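These are my notes on the model you sent, set out as numbered points. Please read them with the structure open beside you.

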Amino acid sequence: MKVKTLILGAGAAGMFCAAHAGDDVLVVDHSKTAGDKIRISGGGRCNFTHLETTAKNYLSQNPHFCKSALARYTPWDFVGLVSGYGIAWHEKTQGQLFCDNSAKEIIDMLRSEMDKAGAKLWLKTAVIDVTFDGQYRTRVTRDGQDMVIMSDNLVVATGGKSIPKMGATGIGYKIAEDFGIPVTQTRPALVPFTFSDARFAGVSGISAPVLARANDGPEFADALLCTHRGLSGPAMLQVSSYWHKGEEITINLIPSIDIVAHLKKARTDHPRKAVTTVLGSVLPSRLINHLAEDFALTDVCAQWSDKRIDDLATALRQWQVKPSGTEGYRTAEVTLGGVDTDYLSSKTMESKTHKGLYFIGECVDVTGWLGGYNFQWAWASAYAAGTAI
Ligand code: FDA
């Protein structure tokens, strides 16, 4: 069996690449259905892009690598495609675009684009390994039988290691290494934090808008959510991409409130009110009661000196917590790190050492923030490779 272009993985990147890679294209995937992660993304509505996508929204050893591809296939290009298919969408929070109805519409659109391009799709076809002897020889298992597919071009779009239950295998990294292409260190990202004790179990389900930061990473303004196992919510998922084991994260629990003025006013107006009650009007009161010991929230307002109020304000703005870990690949939305971009052309995603070998999507060391950036990278890198083939 021989094709001109074989694409490994029928996820976002693989399907989109197939629509642009010219004739004689075959896409293989071991899943029963194509685009499984698209289906569950964005709570079933697929946050398919972010209108303000820039290289700053990605983590990579080479922060400039993604620029070229992102510039040549922009969020508006994808919006044009989606709108052309009559798929209704809306902007949820600043720049984040979601389907009005169902993520399945995006999968159907990608399948139609593949059909239009004449690309074939083989599901339930697991990739075992790839070798090269003048052409790429990909060993697969299909219907319980081993077979080899030969191709002039090979596009690796097998994603990362996140959510093995959904078919993630990390085989793209192995293929890269088999061809002598290094893979940067990988770890789960956009993932909830865990704590060795069950300290947030009592307030599980409580959320609050916060500013959060890990390390020297950017500060994210979004919601924090307490869970049985620790801390989650978009702010924590964002921060997780910048966090390393053993480090603390810093959370501002009162990002939009002048808490000093608020407490001083309460001291004048309601001197006998407990400080926990006053704080309960600006933060979920269950959370305040839960944190009362950590922040020494005893006494009524009258007993709070200016200094004590100032110190509390600082403590609430710089609450430091040290997670024991994360929920790992089991729930991580993405894998940080991947195929070393130094070995790929930023214009075409082709390997600099092996002509005709391309890596696209999540398996490359380009990892987006939460908010549609990862799909935008999938589309842009797939377009770069597809149009280069
Ligand atoms: P993807 O993982 O989509 O596809 C890889 C394909 O390769 C899979 O179909 C897999 O079955 C196949 N494969 C793997 N190993 C194989 C093997 N050995 N043989 C054959 N096939 C193999 N991003 C975003 O921008 N907006 C969002 O709303 C969300 N939401 C979201 C929710 C959840 C729960 C998750 C887990 C992730 C997201 N993401 C997201 C991230 C987004 O889903 C992710 O970045 C893209 O799906 C990556 O696309 P790829 O095509 O690179 O990999």
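1. In which helix does Glu105 lie? Glu105 belongs to helix α5, which covers residues 104-117; please keep in mind, here and below, that this is a predicted model. With a relative accessible area of 23%, Glu105 is partly exposed, because that class begins where the buried one, under 20%, ends. Apart from neighbours within four places in sequence, Glu105 is in contact with Ile87 and Cys99. Thr53 stands 52 residues from Glu105 in sequence, and the C-alpha atoms of the two are 22 Å apart in space.

2. For the chain as a whole, there are 12 helices and 21 strands, and the C-alpha atoms fill a box of roughly 80 × 40 × 40 Å when this is taken along the principal axes. Of the 389 residues, 53% count as buried, while the accessible surface comes to about 16,500 Å², with 50% of that surface belonging to carbon and sulfur atoms. If one takes the contacts between residues at least 6 apart in sequence, 70% of them join residues at least 24 apart.

3. Turning to the ligand, 31 residues lie around it, and those that come nearest are Ala13, Asp29, Thr169, Glu362 and Phe375. Sorted by class, this shell has 12 nonpolar, 15 polar and four charged residues.

4. The polar contacts of the ligand deserve a separate look. An N or O atom in the side chain of Asp29 is 2.5 Å from an oxygen atom of the ligand, and for the side chain of Ser31 the corresponding distance, again to a ligand oxygen atom, is 3.1 Å. With Ala12 it is a backbone N or O atom that lies 3.1 Å from an oxygen atom of the ligand. On its own the ligand has 1,000 Å² of accessible area, and the protein covers 93% of this. Two or more residues of the shell come from each of the elements α1 (12-18), α2 (36-40), β8 (125-132) and α12 (373-388).

5. Is Thr138, in strand β9 (residues 136-142), buried or exposed? Thr138 counts as buried, because its relative accessibility is 0%. Leaving out neighbours within four places in sequence, the residues in contact with Thr138 include Leu6 and Leu8, Val127, Asp129 and Val130, and also Met147, Val148 and Ile149.

6. Val339 is placed in the loop between β19 (334-336) and β20 (357-359), yet Val339 has 0% relative accessibility and so counts as buried. Its contacts, again without neighbours within four places in sequence, include Tyr173, Ala176, Ile181, Pro182 and Val183, as well as Leu344, Phe359 and Cys363. Between the C-alpha atoms of Val339 and Ile254, which are 85 residues apart along the chain, the separation is 40 Å.

7. Two annotations should be read with care, since both come from an unreviewed UniProt entry, and such annotations may be inferred rather than shown by experiment. The entry lists residues 1-21 as "signal peptide"; in the model this span is 33% helix and 33% strand, and its end C-alpha atoms lie 19 Å apart. UniProt also places the feature "domain: RsdA/BaiN/AoA(So)-like Rossmann fold-like" at residues 4-387, a span that is 28% helix and 24% strand, with its end C-alpha atoms 14 Å apart.

Definitions and conventions: Residues are numbered from 1 along each chain as its sequence is written. Side-chain values use heavy atoms; hydrogens and water are left out. A residue is near a molecule or strand if one of its heavy atoms lies within 4 Å of it. A polar contact is a pair of N or O atoms within 3.5 Å; within protein, one must be able to donate a hydrogen and the other to accept it, and residues adjacent in sequence count only if both atoms are side-chain atoms. Accessible areas come from the Shrake-Rupley method with a 1.4 Å probe; for residues, only the protein chains shown count as cover. Helices (H or I, at least four residues) and strands (E, at least two) are DSSP runs, numbered from the N terminus. Ala, Val, Leu, Ile, Met, Phe, Trp, Tyr, Cys and Pro count as nonpolar, Asp, Glu, Lys and Arg as charged, and the others, Gly among them, as polar. Buried means under 20% relative accessible area, exposed over 50%, partly exposed in between (1.4 Å probe, protein chains only). Contact means heavy atoms within 4.5 Å.
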